[in-house]
Structure formats: structure tokens, C-alpha cells
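Reader: I'm new to this structure and would like to get to know one part of it properly. Could you pick a spot and walk me through it, then show me how it fits with the rest?

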Amino acid sequence: MRILFLGTGAADWEDPGKHVNGGRRFTSQLLEESILLDCGPMTWEAIEEFGVDINKLTDVVIGHPHRDHFDVPVITRIALERDKSLPPLRLHVNQKATERVKLSPEAAARLEVFGFAPGDVFECNGFKFEAVLSNHLLEIAGELATFLCITTPANEHLFYALDGSWLPKEAWWKLRKMETPFDYIVWDMTCGTLDDWRLFEHCNLNMIATMTRVFKNYGVARKDAVVFASHVMKEACGDMERLRADVKAAGIVLAEDGLLYDSNAN
Ligand SMILES: [Zn+2]
Ligand SMILES: [Zn+2]
């Protein structure tokens, strides 16, 4: 699996503009060069800074439609600036949130919009996505946040758990029934090592370390799964050296903007 972390911050970071300079943009990842996983208001600059070829993108998948993960103008810009000979870009977002996607006729010809709900399974360019309910509050009635269980074309399994806190029991039972354990996990670590009030809908390091152990104990993740921590709030990044060391000591990789992980290269 190839995953490029385009943005690894929670919603409290300021926009750094063209160069991230050791800061963090809002969360977004590129999978295998073709799937953009979350696309927020800072993602265009990340695409430019990290040299993403938008003509290789086929789908944009939004785990949950909060403003830091879901920005219609940026998604529309990508769709319009891709080569006109390519098929339209496909956007997958929570069913209720599709009502907020208002497109000009020109944009509607270059961007197809698909809604999904927790429990749904859908395919994108050889990837399979299964959405499971997350413990993360959305303010617009009817909109729901999901974690995503992703199977790549090479049959690798990734659990994408932004944003959210402890798994709802219904999500846990879904994962327990899956036949193949996860090879990779991307956890929400908004709170860093802080015991912060936000952990009622986000995580800190102790929580993701515990959940990783439970996943491994029950065969939901492989014993040698590669585990990333992302979506870190600025407030938790005071002493970065210390944070990096603490995350590493827990056997977890701290995602930072521009980090490329490629299992074929490792
Ligand atoms: Zn967020
Ligand atoms: Zn959120």
C-alpha cells in the first residue's frame, strides 16, 4: 500500500499557505495515487506542495463531512482542473451531506456525487470501501460520521478511523466478523498525550494504543500491522520531540504532512 499524508492536523491549525513548514494542514491522504481520502480547504496547497498528479485521481472519499475534511470548492477545483479527456471525478460522501453539494452545470459535468451511509459498501477504481458508524458528533441533523474499512486492489486492508473516539459496539461487531485482519490502521490522535475533554469524540495516545492491542488480541488487526496516528491538534504539539518519542515508544508511527509510506519500497 502507498499512502501519502497530505495533511495530518485537527481543525485548530491555521492555514500555512503554500508551504507547511513543519506545521499541519487539515487531514487528507492520497491512496495509491488515485484515491483522495478526505479533502479539506487546505488540500489544494498540499496537492501542489507534495506534487500530486490530479490526473491520476479517480475518486474522492469523505469519511465524515466536517469542514476540515470536506470542502466542496476545493473538490470542484480538482474536478475542473483534471484533463478534460478523463472521465468525471467521483465524490463519495455521507448521503445527507450530498444535499449541500451545489454545482454549476460546468462542474456537474466533471464531478459525479454519490452518497453513502454507515453499513454501506461501495467500490472505487478497484478499492472496496465499507463504512461503519463512528462515535463523532455532526451538527447537521441526519449527517453521520463513519470510519472506513478499505481493501486495496492488492488485497491489503486499511482501517481509517478519523474522526472518532472509542468504537461504538456496533462498529466493533462488524470488524470482528471481517474475514481478513487489518494490515494498516490510521487512528485519530487529536489529543496527543493530553487528557483533554475532546477525547469524548476523539482519541489520545493511550486510547489508540489500547484499541490497537485489543484489535491484535482478537485478530481484528495483524500482530505486525502498521499503525499511524494522525489528526493531531495544535494544542497537543507543544513539544514535538517528546510527542514523536512517546508515539514511537507505543509502536505507532506519528503521521506528519508529506510523509509517504510505501509497503513496496520498505
Ligand atoms: Zn477533523
Ligand atoms: Zn470531525
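**A strand pair and its surroundings**

Author: Let's start with Ile150, whose bridge partner in β10 is Leu158. Keep in mind that this is a predicted model, so local features need pLDDT of at least 70 and side-chain atom pairs count only at pLDDT 80 or more, while totals for chains, interfaces and linings use all residues. As for labels, residues are numbered from 1 along each chain as its sequence is written, and chains are lettered from A and ligands numbered from 1 in the order in which they are written.

That bridge belongs to an antiparallel pairing: β9 (residues 146-151) and β10 (residues 157-161) are joined over four bridges. (Strands pair if DSSP finds at least two bridges between them; strands are DSSP runs of E with at least two residues, helices are runs of H or I with at least four, and both are numbered from the N terminus.) In the loop between β9 and β10 you'll find Asn155, which has a positive phi of about 70 degrees although it is not a glycine. Asn155 is exposed because there are 9 other C-beta atoms within 10 Å. The cut-offs, with C-beta atoms placed from the backbone, are 20 or more others within 10 Å for buried, 12 or fewer for exposed, and partly exposed in between.

Now zoom out a bit. Both strands sit in an open sheet of seven strands with mixed pairing, in the order β7-β8-β9-β10-β11-β12-β13. At its edges are β7 (121-124) and β13 (253-254), each with a single partner strand, so one side of each has no neighbour in the sheet. In the loop after β7, leading to β8 (127-133), is Asn125, another residue that isn't a glycine but has a positive phi, here about 45 degrees. Asn125 counts as partly exposed because it has 13 C-beta neighbours inside 10 Å.

Back to our strand pair, and to Tyr160. Apart from neighbours within four places in sequence, Tyr160 is in contact with Leu37, Gly63, Phe147, Leu148, Ile150 and Val186; contact here is a C-beta distance within 7 Å, with those atoms placed from the backbone. Tyr160 is also one of the residues touching the most other members of the largest nonpolar core, which has 75 residues; Ile75 and Trp187 are among the others. (A nonpolar core is a set of buried Ala, Val, Leu, Ile, Met, Phe, Trp, Tyr and Cys residues joined through C-beta atoms within 7 Å.)

Follow the chain past β10 and you reach a cis peptide bond from Leu162 to Asp163, with omega near -15 degrees. Asp163 is in the loop between β10 and α4 (169-177).

Ile75 leads us elsewhere: it is one of the buried residues of helix α2 (residues 72-81), along with Val72, Val74, Thr76, Ile78 and Ala79. These pack against α1 (43-49), β4 (59-61), β5 (89-94), α3 (105-108) and β6 (111-116). There, β4 and β5 run parallel, joined by three bridges, and Val61 stands opposite His92 in β5.

And the whole picture? The chain comes to six helices and 14 strands, and 45% of its 266 residues count as buried.

Notes: Contact = placed C-beta atoms within 7 Å.
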